[in-house]
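Hello,

Here is the structure I promised to pass on to you. Have a look at it first, and then read my notes underneath.

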Amino acid sequence: MYKYFFKRLIDFCIAFIVLSILFLLLIIVTIWLHFANKGAGAFFTQERPGKGGKIFKVIKFKTMTDERDAGGNLLPDADRLTNVGRFVRSTSIDELPQLINVLKGDMALIGPRPLLVQYLPLYSKEQARRHDVRPGITGWAQVNGRNAISWTKKFELDVWYVDHCSFWLDVKIIFLTIKKVFVREGISQEGQATMEAFNGKN
């Protein structure tokens, strides 16, 4: 009953309350990023697959500039990530706008993270089961390594969550997420500014 009804109701109520409380903070961060990103804007939207693979637009704070090389190609993530963006990302503030996605029903507070659309054909049948539930702002994989673990391990954790989703597991993930934010663990993969792209093997 929780997984199919109460989880969505609780998510909506919490997202509404948190957005109301943090409204002023969100305005300040928006202005801060507007200037730090050198005119690239404060928000980042991108199509991501949700429950059942349905495509939606995820909303996040933008932590990188849109600087390009002489050929017009975007510079590497490490070169475009600003100091302000690095702070916003390390404290997970960049995830807060996704509460709007939660209100809309695109996402849940807890669930597998929504990844890139181009990854859809690369999943095995078992890995694709991560789309049996709404994607989340945080999830079981995030509190067990975030970007510091391999894609294979991340997908294993995502599918485990799908099979074991419960109220008490979600409560546990929320508290572990708060701990991760303060400790700032697993923000990036070794040798990467964020995490290397999934190629169907790693």
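Below are my notes on one helix, one loop residue and one surface patch.

This is a predicted model, in which local features need pLDDT of at least 70 and side-chain atom pairs count only at pLDDT 80 or more, while totals for chains, interfaces and linings use all residues. Residues are numbered from 1 along each chain as its sequence is written, and side-chain values use heavy atoms, without hydrogens or water.

Let me start with H7 (helices are DSSP runs of H or I, at least four residues; strands are runs of E, at least two; both are numbered from the N terminus). Helix H7 covers residues 167-183, and at 1.5 Å a residue its 17 residues should span 24 Å (1.5 Å times one less than the number of residues); the end C-alpha atoms are 25 Å apart, which agrees. Leu169, Asp170, Ile173, Thr177 and Lys180 of H7 are buried (under 20% relative accessible area; exposed is over 50%, partly exposed in between, with a 1.4 Å probe and protein chains only). They sit on the same side of H7, because they cover an arc of only 90° around the axis (taken from the directions from the helix axis to the C-beta atoms). Their cover includes helices H1 (2-21) and H6 (151-164) and strands S3 (108-110) and S4 (136-138) (contact is heavy atoms within 4.5 Å). Trp168, Phe175, Lys179 and Phe182 are exposed on the face turned away from the buried side.

Arg130 is in the loop between S3 and S4, and counts as buried because its relative accessibility is 3%. Leaving out residues up to four places away in sequence, Arg130 touches residues including Tyr123, Phe155 and Asp158.

Finally, Ile31 in helix H2 (residues 23-36) counts as partly exposed at 47% relative accessibility.

Best wishes
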